[in-house]
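Here is a short briefing to read with the model open beside you. Take the points in any order you like.

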Number of protein chains: 2
Amino acid sequence: MKIGELARRSGLTAHTIRYYERIGLLPYADRDRSSRRDYDASILTWIEFLGRLKTTGMPIRDMLLYAELRDRGSGTEAERRALLERHRESVRAHVDELNACLLVLDTKIGGYAETEQRMKDYDATLPERRRKPVGARSTRTR
Amino acid sequence: MKIGELARRSGLTAHTIRYYERIGLLPYADRDRSSRRDYDASILTWIEFLGRLKTTGMPIRDMLLYAELRDRGSGTEAERRALLERHRESVRAHVDELNACLLVLDTKIGGYAETEQRMKDYDATLPERRRKPVGARSTRTR
DNA sequence: TCTTGACTTAGAGCGCGCTCAAACTCGTAG
DNA sequence: CTACGAGTTTGAGCGCGCTCTAAGTCAAGA
């Protein structure tokens, strides 16, 4: 698979794929005889996983650390696991924080809802003027 | 309250507070006769709210939009509410995404746990060599 | 043969959100 | 009186994660 297809299939741009390779987040890809990158479909699994780390806010430098451990292969499992576990905890903490913020947001939005309700209540006390357009006996009442 | 104290109480740095004022996220603060910012405690509420927006990933440009609506005062409530509701939805979506990633992370970590378990099982089949240090009859057994 | 377009490289540039530096002014304690 | 510490301004610089440019190579189709 060429870089263009990988881009399409991974959701990254070709630019980003090259950038990731440059910094070591993706392995140095095999090239065909005209120096073009030729990918195996298995790279998609790795990119997808990197995407999850990214989504969950892991900085690239930590992904790099993980990638390096992975490259070093067996004997690094405990360290990789520890890294992921630390990350998992930070994600959990962040989710909790977000949920707390959501509550505040709900309250705030509720406040605006009340304001709007008060406005409606107030509107409801207004004289006919505001209701005029609704008018009965209009020739356009269907 | 001077900027130093506000910094301490808000968790922002004085630099950041000035920066926020410069870009319009914080109102132009009253100055004392020697041009120093003098804050009312009420600013803390606003800073805290901005913090929640920030925590939940709202870009500064959107906070600015909200801040401007707020400055314009009444008549902008519906728009402010809509802005917060849109944001709330995006936060909820993000939380869902994070939770999905957490599941993947759990699986991945579980994979490492199994590897380690297999290693332990393997270790358990090893001859005494590995158990030696536990040895009874040691002179140092208290 | 010529053109097209997908690819290559090294390196510059960008948007974001700060963060800091330089040079200055004050008010107060010793 | 002087030294200190906390403040002021404008503007430059930084770390992150891309994103794009320029100039070139190559293979396949008209």
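A polar contact here is a pair of N or O atoms within 3.5 Å. With that cut-off in hand, start with Lys54(A): one of its polar side-chain atoms lies 2.9 Å from a phosphate oxygen of DNA strand D. Please keep in mind that this is a predicted model.

**DNA strand D**
- There are 20 residues around DNA strand D, and those that come nearest are Tyr20(A), Arg61(A), Arg31(B), Arg36(B) and Arg37(B).
- Of the strand's atoms that come within 4 Å of the protein, 64% belong to sugar and phosphate.
- Tyr20(A) has a side-chain N or O atom 2.7 Å from a phosphate oxygen of the strand.
- Ile60(A) uses its backbone instead, with a polar atom there 3.3 Å from a phosphate oxygen of DNA strand D.

**The two copies**
- Chain B superposes on chain A with an RMSD of 0.1 Å after a rotation of 180 degrees, with 0.0 Å of shift along the axis.
- This is the relation of a two-fold axis.
- Both copies use the same surface, as 100% of the contact residues of chain B recur in chain A.
- Val95(B) is the residue of chain B that comes closest to the rotation axis, its C-alpha being 3.1 Å away.

**The largest pocket**
- The volume of the largest pocket is about 180 Å³.
- Its lining comprises 6 nonpolar, 1 polar and 4 charged residues.
- Among the lining residues are Trp46(B), Asp38(B), Ser42(B) and Arg70(B).

**Confidence**
- Chain A has a mean pLDDT of 88, with 83% of its residues at 70 or more.
- Residues 127–142 of chain A have pLDDT below 50, and this stretch makes 5 contacts in the model beyond near neighbours in sequence.
- Where pLDDT is low, predicted coordinates should not be read in detail.

Notes: Residues numbered from 1 in each chain as written. Chains lettered and ligands numbered in written order. Predicted model: local features only at pLDDT ≥ 70, side-chain atom pairs only at ≥ 80, totals over all residues. Heavy atoms only, no water. 1 Å grid on protein atoms, 1.4 Å probe; cavity = no way out; pocket = protein on both sides within 12 Å on 5 of 7 lines; lining within 4 Å. Points joined across faces, edges and corners; volume = space filled by probe spheres on them. Nonpolar A, V, L, I, M, F, W, Y, C, P; charged D, E, K, R; others polar. Least-squares fit on C-alpha atoms with pLDDT ≥ 70 in both. Contact = heavy atoms within 4.5 Å. pLDDT = per-residue confidence, 0-100. Near = heavy atom within 4 Å. Polar contact = N/O pair within 3.5 Å; in protein donor to acceptor, adjacent residues only side chain to side chain.
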